[in-house]
Amino acid sequence: AALHKQLPKLIGYGDVLGDLHAHSMYSDGVDKIEDMAKTAYKLGYKYICITDHSQSQKIANGLSEKELLIQGKEIDELNKQFKSFKILKGTEVDIKSDGSLDWPDRILKSMDVVVASIHSGFKSPNEEMTKRILKGLDNKYVNIFAHPTGRLINQREPYNVDLEKVYEKAEQNGVCLEINSFPSRLDLNDGNIKRAKEFNVKFVIDTDAHSVNHLEFMRFGIATARRGWCEKKDVLNSFKLKDL
């Protein structure tokens, strides 16, 4: 590639303008939304999206519909404190075993950002898991597919899924694939990023932060994206808020 002058101009460590996957005390995070937002602002971000877990994630203190509404009102109030920064309303919604999503469309429609993910059935056969994910990504309100292989480094192997079909579906439906910066995840990994990029999908680099300290993990995701040949134009949260 170098000999043919085809090396990409890799995304830089200062190019990411916001974090689109972060948790608060409303679910399994340990810090308030206000503290998450202020920390993100100090890091130089232009926006952060709070994506607490959906209702069926009882182990992660998933929100009820009522709690989601209360959270939305709190975000509206907090946004009045900022001039050049925005807290976005989001949800990390489970793709259930049958491929349906854990929130009805009327709730998903009200979100700024919908992050869909798998949190169960990790030992499902390839065909079953692939079908489940593809159905989830067919929901028109899904923006991001989080930690797409489900791996936890030295703890859990990736689930068995046909990633080529996932890349095709993401490209077809305009769903971004997440590069999760959490040190135990780094998911997608570099090789999978490089391959997904050939399908012209967009990525987001998120921390999946569960505390204010986790927001600084972004550098690990950016490093992984660079190893996968990501350029700034490939990463949606390198865009200014209005373009996002």
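## Close-up views of a predicted model

**Figure 1. Lys89, a partly exposed residue with a relative accessible area of 23%.** Welcome to the first stop on this tour, which is drawn from a predicted model. The partner to look for is Asp76, which is also partly exposed, at a relative accessible area of 38%. The side chains of Asp76 and Lys89 form a salt bridge, with 2.9 Å from N to O. This pair links distant parts of the chain: Asp76 belongs to helix α2 (residues 65–79) and Lys89 to strand β3, 13 residues apart.

**Figure 2. The whole protein chain, for orientation.** Seven helices and seven strands make up the secondary structure of the protein chain. If you follow the sequence from start to end, the pattern reads β-α-β-α-β-α-β-α-β-α-β-α-β-α. The C-alpha atoms fit in a box of roughly 55 × 40 × 35 Å along the principal axes. How does the radius of gyration fit with a compact globule? For 244 residues such a globule would have a value near 18 Å, and the protein chain has 17 Å, which agrees. Buried residues account for 52% of the 244 residues. Among contacts between residues at least 6 apart in sequence, 77% join residues at least 24 apart.

**Figure 3. A salt bridge within helix α1, between Glu34 and Lys38.** The structure holds 14 salt bridges, and here is one of them: the side chains of Glu34 and Lys38 meet at 2.9 Å, N to O. Both residues sit in helix α1 (residues 33–42), with four residues from one to the other, about one turn of the helix. Are they buried or exposed? Glu34 is partly exposed, at 26% relative accessibility, and Lys38 is partly exposed as well, with a relative accessible area of 35%.

**Figure 4. A salt bridge between two helices, joining Asp190 and Arg227.** The N-to-O distance between the side chains of Asp190 and Arg227 is 2.7 Å. Asp190 is in helix α6 (residues 190–197) and Arg227 is in helix α7 (residues 218–227), so this salt bridge ties together parts that lie 37 residues apart in sequence. The two partners differ in how they meet the surroundings: Asp190 is partly exposed at 24% relative accessibility, whereas Arg227 is exposed, with a relative accessible area of 59%. Elsewhere, Lys197, Glu231, Lys233 and Asp234 are joined into one network by salt bridges that share partners.

**Figure 5. Asp102, a buried residue without a salt bridge.** You will find Asp102 in the loop between β3 (86–94) and α3 (105–108). Side chains of opposite charge can pair when their charged atoms come close. For Asp102, the nearest side chain of opposite charge is that of Lys96, 4.5 Å away; a salt bridge needs the atoms within 4 Å. What does the side chain of Asp102 have instead as polar company? A polar contact of 2.6 Å joins the side chain of Asp102 to that of Ser54, and the backbone nitrogen of Ser56 is 2.7 Å from a polar side-chain atom of Asp102. Beyond neighbours within four places in sequence, Asp102 is in contact with residues including Gln55, Gln57, Val93 and Asp94.

**Figure 6. Asp206, another buried residue without a salt bridge.** Asp206 is part of strand β7 (residues 203–206). Which side chain of opposite charge is nearest to Asp206? That is Arg185, 11 Å away. A polar atom of the Asp206 side chain does lie 3.0 Å from the backbone nitrogen of Leu20. Residues up to four places away in sequence aside, Asp206 touches a set of residues, among them Asp19, Leu20, His21, Ile144, Glu178 and Asn237.

**Figure 7. Cys176 and Cys230, two cysteines that are not bonded to each other.** A disulfide is a covalent bond between the sulfur atoms of two cysteines. How many disulfides are counted here? The count is zero. Why does Cys176 have no such bond? The closest cysteine sulfur, in Cys230, is 11 Å from the sulfur of Cys176, too far for a bond. Both residues are tucked away from the surface: Cys176 is buried with a relative accessible area of 5%, and Cys230 is buried at 0% relative accessibility.

Methods. Residues are numbered from 1 along each chain as its sequence is written. This is a predicted model: local features need pLDDT of at least 70, side-chain atom pairs count only at pLDDT 80 or more; totals for chains, interfaces and linings use all residues. Side-chain values use heavy atoms; hydrogens and water are left out. Buried means under 20% relative accessible area, exposed over 50%, partly exposed in between (1.4 Å probe, protein chains only). Lys and Arg count as positive and Asp and Glu as negative; His and the chain ends are not counted. A polar contact is a pair of N or O atoms within 3.5 Å; within protein, one must be able to donate a hydrogen and the other to accept it, and residues adjacent in sequence count only if both atoms are side-chain atoms. Contact means heavy atoms within 4.5 Å. A disulfide is a pair of cysteine sulfur atoms within 2.5 Å. The radius of gyration is taken over C-alpha atoms; the globule rule is 2.2 Å times the number of residues to the power 0.38.
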